[in-house]
2 protein chains.
Amino acid sequence: MTGESCAKSNIAGVSFSIHPMSDNFIEIIKGAINESDISKVHVKTDDVTTTIRGKLVHVFDAAKAIFIHAAKTGVHVAFQATYSLGCPGDSTGDVYMAEDDSPLNAEQVKDIKQYAAAKFSLYPLGGGNYMDIIYEQIEAMKKHVAVSPAHYSTRLEGDVIGIFNGLEQVFKATVEGGSSHTVMTVSISANSPSHKGDDPIE
Amino acid sequence: MTGESCAKSNIAGVSFSIHPMSDNFIEIIKGAINESDISKVHVKTDDVTTTIRGKLVHVFDAAKAIFIHAAKTGVHVAFQATYSLGCPGDSTGDVYMAEDDSPLNAEQVKDIKQYAAAKFSLYPLGGGNYMDIIYEQIEAMKKHVAVSPAHYSTRLEGDVIGIFNGLEQVFKATVEGGSSHTVMTVSISANSPSHKGDDPIE
């Protein structure tokens, strides 16, 4: 078991990338960040990913808003993220943990209709019963969006707000269920030309 | 501990996406796949990711070749991948396990010079000493490319062939070291406009 030798930390974080498949990818990314209120999280971008750190509620709220603002341009946009909460190897720096719990972007993005397909994987680390936790949370995800199996992940389809809400609930439930080090990876694809058929939310 | 209730499997796999930040993303992706020899692996693409399954050596060889052929176009291209080996929840289908161990693309791509920056995370699941394995493999990675810490991952910089070789060795060492369920996530960025300064490999 892990966790005995380090202080319990509630610092949540996500390392993510937004990939607009467009010659205008820089403008789309910068525009999406500018339209999002990121004042309750610590944000740092390098040439591989952007890292957001802070309270769990704000980490999810900020990354969701940035992706939705990029996707609403209509361009094919992919979102690739690793969410993490837990102590080993993490520092206590680069966080805004004194903020209140009121998300800054939820109201602004809640009426944006955007179909998306996604794959997510949950990794509760350091514990032997991790597969039981994973199966339980895949089941819980069915309250939010359409769920189907995929190799190395679980496929989600539906409204992007439903996908993000489901991801946040599943991650939170895993942390609150006692996982000392929780990691969740997510790939979301919006406006894909490979997506055929009617969007179920339109 | 896990693994007692399911058959030991050596099926390796990767679920990955190539994201060219260009209006011509479809042509770049299709061209890269056409230039790669994928006849020793099972390949399936949907609207979120491409899944490759087979022997570990061929899974790494095929995904590396596809990315390098996309990156050599000069377009800013991102590679996002989850490599996996281990049994819980996996099926035994969709694999080519009877192939020999000779990689099909290594010779063709070995002289392509391409700088890249990457972040990788190793997740040996189900075991209590997983952080020791992670630290050991971060150390081992230093034989291949420049290594530095990042939030939720380890940053790599250098020649893309060195990055992929390091990733393959680290993953293989973790599996052979006894991890029953090994997952490794990777983000690689080539030709990024955010990358300033001289490329160390040119």
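1. Let's start with burial in chain A: 57% of its 202 residues count as buried. Keep in mind that this is a predicted model, so everything below is about computed coordinates. On overall size, a compact globule with 202 residues would have a radius of gyration near 17 Å, and chain A agrees, coming in at 17 Å. The C-alpha trace of chain A spans about 50 × 35 × 30 Å along its principal axes.

2. Next, the fold of chain A. There are 5 helices and 8 strands in this chain, and going along the sequence they come in the order β-α-β-β-α-β-α-β-α-β-β-α-β. The contacts reach far along the chain: take the pairs in chain A that are at least 6 apart in sequence, and 81% of those contacts join residues at least 24 apart.

3. A helix pair in chain A to look at: H4(A), residues 130-141, and H5(A). Their axes come within 10 Å and cross at roughly 150°, and the crossing is right-handed. From H4(A), the residues involved are Ile133(A), Gln137(A) and Met141(A); on the H5(A) side they meet Gly166(A), Leu167(A), Val170(A), Ala173(A) and Thr174(A). Sorted by class, that contact has 5 nonpolar and 3 polar residues, with no charged ones.

4. Staying with H5(A), have a look at Val175(A), which sits in this helix (residues 160-176). Val175(A) has a relative accessible area of 18%, so it is on the buried side of the 20% cut-off. Leaving out residues up to four places away in sequence, Val175(A) touches Leu85(A) and Thr182(A). If you want a long-range distance to check, Val175(A) and Ile26(A) are 149 residues apart in sequence and 35 Å apart in space, C-alpha to C-alpha.

5. Now a loop residue in chain A. Val75(A) is in the loop between helix H2 (56-71) and strand S4 (77-86). Despite that loop position, Val75(A) counts as buried, at 18% relative accessibility. What is Val75(A) in contact with, once neighbours within four places in sequence are left aside? The partners are Pro20(A), Met21(A), Ser22(A), Ile28(A), Ala190(A) and Asn191(A). For scale, Val75(A) and Glu107(A) are 32 residues apart in sequence, with 23 Å between their C-alpha atoms.

6. One of those partners of Val75(A), Asn191(A), deserves a backbone check. Asn191(A) has a positive phi of about 60° although it is not a glycine. Asn191(A) lies in the segment after strand S8 (181-190) of chain A, and counts as partly exposed at 27% relative accessibility. Chain B has a matching entry for your list: Asn191(B), also not a glycine, has a positive phi of about 60°. Asn191(B) lies in the segment after strand S8 (181-190) of chain B and is partly exposed, with a relative accessible area of 28%.

7. Over in chain B, try the pair H1(B) (residues 25-35) and H2(B) (residues 56-71). Here the axes come within 8 Å and cross at roughly 130°, so the two helices are oblique to each other. The crossing of H1(B) and H2(B) is right-handed. On the H1(B) side, Ile28(B), Ala32(B), Ile33(B) and Glu35(B) meet Ile66(B), His69(B) and Ala70(B) of H2(B). The class count for that contact is 5 nonpolar, 1 polar and 1 charged.

8. Last, a lysine to inspect by eye. Is Lys119(B) buried or exposed? Lys119(B) is buried, with a relative accessible area of just 6%. Lys119(B) lies in strand S5 (residues 115-124) of chain B. Setting aside residues up to four places away in sequence, Lys119(B) touches Asp46(A), Val48(A), Thr49(A) and Thr51(A) in chain A. Within chain B, Lys119(B) touches Ala150(B), Ser153(B), Thr154(B), Arg155(B), Thr185(B), Val186(B) and Ser187(B). As a reference distance, Lys119(B) and Lys72(B) are 47 residues apart in sequence and 20 Å apart in space, C-alpha to C-alpha.

Note on methods
Residues are numbered from 1 along each chain as its sequence is written. Chains are lettered from A and ligands numbered from 1 in the order in which they are written. This is a predicted model: local features need pLDDT of at least 70, side-chain atom pairs count only at pLDDT 80 or more; totals for chains, interfaces and linings use all residues. Side-chain values use heavy atoms; hydrogens and water are left out. Axes are lines fitted to C-alpha atoms, for helices over the stretch in contact, and angles run from 0 to 180 degrees between N-to-C directions. Helices (H or I, at least four residues) and strands (E, at least two) are DSSP runs, numbered from the N terminus. Angles under 35 degrees count as roughly parallel, over 145 as roughly antiparallel, 65 to 115 as roughly perpendicular and the rest as oblique. A crossing is left-handed if the near helix is turned anticlockwise from the far one by less than a right angle, and right-handed if clockwise. Contact means heavy atoms within 4.5 Å. Ala, Val, Leu, Ile, Met, Phe, Trp, Tyr, Cys and Pro count as nonpolar, Asp, Glu, Lys and Arg as charged, and the others, Gly among them, as polar. The radius of gyration is taken over C-alpha atoms; the globule rule is 2.2 Å times the number of residues to the power 0.38. Buried means under 20% relative accessible area, exposed over 50%, partly exposed in between (1.4 Å probe, protein chains only).
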